Amino acid sequence: MFNQAAQELTTIRDILRFAVSRFNEAGLFFGHGSDNAHDEAAYLILHTLNLPLDVLDPYLDAKLLKAEKEKVLAVIERRVEHIPAAYLTQQAWQGEFDFYVDERVIVPRSFIYELLGDGLRPWIEYDELVHNALDLCTGSGCLAIQMAHHYPDAHIDAVDVSLDALEVAGINVEDYGLEERIRLIHTDLFEGLESSYDLIVSNPPYVDAESVEALPEEYLHEPELALGSGADGLDATRQILLNAAKFLNPKGVLLVEIGHNRDVLEAAYPELPFTWLETSGGDGFVFLLTREQLLGEE
């Protein structure tokens, strides 16, 4: 099954070095978890061998059984094909939360999760004030699940136009035992919704057409529907801004991620007083507006 060079690999240290070399040779893009070849290789090896993901050194000189080596090398070669690591392990993290993922959803990477709870304290004084919340374009359900954690009194509607994505979200909602608090809804943004909400969050498609064409190969394994949004990347965001106020309660808050489109958005809506929130990626990716600001009442 393996060439002579692969047969000579015996320990995890050998496999790790081999994987890093293969990843660098293939010119892989690291944007779905790890940010370098070494960390990604270590993660894939440890996960495949069912070893603790945060402990590598004690196992470096452990020799692999033939079946173990075959399994690990197969995963490495699939990653060399530019398949994101999260799809190979079917697991992705946001903060302390981990989620099931596969090719039916984008790999979770929204900055919004960093802002829930304390990050919204200036606008939502107490978490208990959020009774109804909405996650538009929920994908894997990761933000809806984290909203349920931060807002213990909230019932959450999680919306997506993709039935495939909602199937994945259902797996995660069930894994966290939140079936009674999170309702999965198949619709296009606000279409057909009848509830009103104290908090609406959305990580919609926001990649402009030019950038979609230039995406690294890894992103081409993700659902195209969840990436691009028109020529300037703002088609979905425009619909959200047009309709959100009708679905927000008084003092309700809208939180939206838009990628690198801040300048384009501000130019298109000079009348809206966007608040740009600080995240680990900077202060140009997530904006906040209140219902009153959307209506021009403050």
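Two strands are said to pair if DSSP finds at least two bridges between them. With that in mind, the report looks at one strand of this predicted model, then at its pockets and salt bridges.

**Strand β7 and its partners**

Strand β7, which spans residues 248-257, is mostly covered, since eight of its 10 residues are buried. This strand pairs with strand β6 (residues 197-202) in the parallel sense, over five bridges, and within that pairing Y197 has L248 of β7 as its bridge partner. Strand β7 also pairs with strand β9 (residues 286-290), here in the antiparallel sense and again over five bridges; in this case V253 stands opposite T290 of β9.

**The two largest pockets**

The largest pocket has a volume of about 1000 Å³. Its lining is made of 40 residues, and G31, H32, P108, R109 and Y219 are the ones closest to its centre. Helices α3 (37-48) and α5 (85-89) and strand β1 (92-94) each supply at least two lining residues, and β1 gives the largest share, with three residues.

The second largest pocket holds about 530 Å³ of space. Its lining has 32 residues, and C137, D160, P205, L225 and A226 lie nearest its centre. The elements that contribute two or more residues to this lining are α6 (142-150), β4 (155-160), α7 (163-175) and α9 (235-247). By class, the lining of the largest pocket has 22 nonpolar, 13 polar and five charged residues, whereas that of the second largest pocket divides into 15 nonpolar, 10 polar and seven charged residues.

**Salt bridges**

The structure holds 16 salt bridges, and the table gives some of them with the distance between N and O atoms.

| Basic residue | Acidic residue | N to O distance |
|---|---|---|
| R104 | D102 | 2.7 Å |
| R121 | D127 | 2.7 Å |
| R262 | D283 | 3.9 Å |

Which partners in these pairs are buried, and which are partly exposed? In the pair of R104 and D102, R104 is partly exposed, with a relative accessible area of 26%, while D102, at 7%, is buried because its value is under 20%. In the pair of R121 and D127, R121 counts as partly exposed at 28% relative accessibility, and D127 is buried, with a relative accessible area of 17%. In the third pair, R262 is partly exposed at 26%, and D283 is partly exposed as well, at 38%. This pair links distant parts of the chain, for R262 lies in helix α10 (residues 262-268) and D283 in the loop between β8 (275-276) and β9, 21 residues apart. Elsewhere, salt bridges that share partners join R22, E25 and E77 into one network.

Notes. Residues are numbered from 1 along each chain as its sequence is written. This is a predicted model: local features need pLDDT of at least 70, side-chain atom pairs count only at pLDDT 80 or more; totals for chains, interfaces and linings use all residues. Side-chain values use heavy atoms; hydrogens and water are left out. Buried means under 20% relative accessible area, exposed over 50%, partly exposed in between (1.4 Å probe, protein chains only). Helices (H or I, at least four residues) and strands (E, at least two) are DSSP runs, numbered from the N terminus. On a 1 Å grid over the protein atoms alone, a cavity is a set of points where a 1.4 Å probe fits but cannot get out, and a pocket is an open set with protein on both sides within 12 Å along at least five of seven lines; lining residues have an atom within 4 Å of a point. Grid points are joined across faces, edges and corners, and a volume is the space filled by probe spheres set on the points. Ala, Val, Leu, Ile, Met, Phe, Trp, Tyr, Cys and Pro count as nonpolar, Asp, Glu, Lys and Arg as charged, and the others, Gly among them, as polar. A salt bridge is a side-chain nitrogen of Lys or Arg within 4 Å of a carboxyl oxygen of Asp or Glu.
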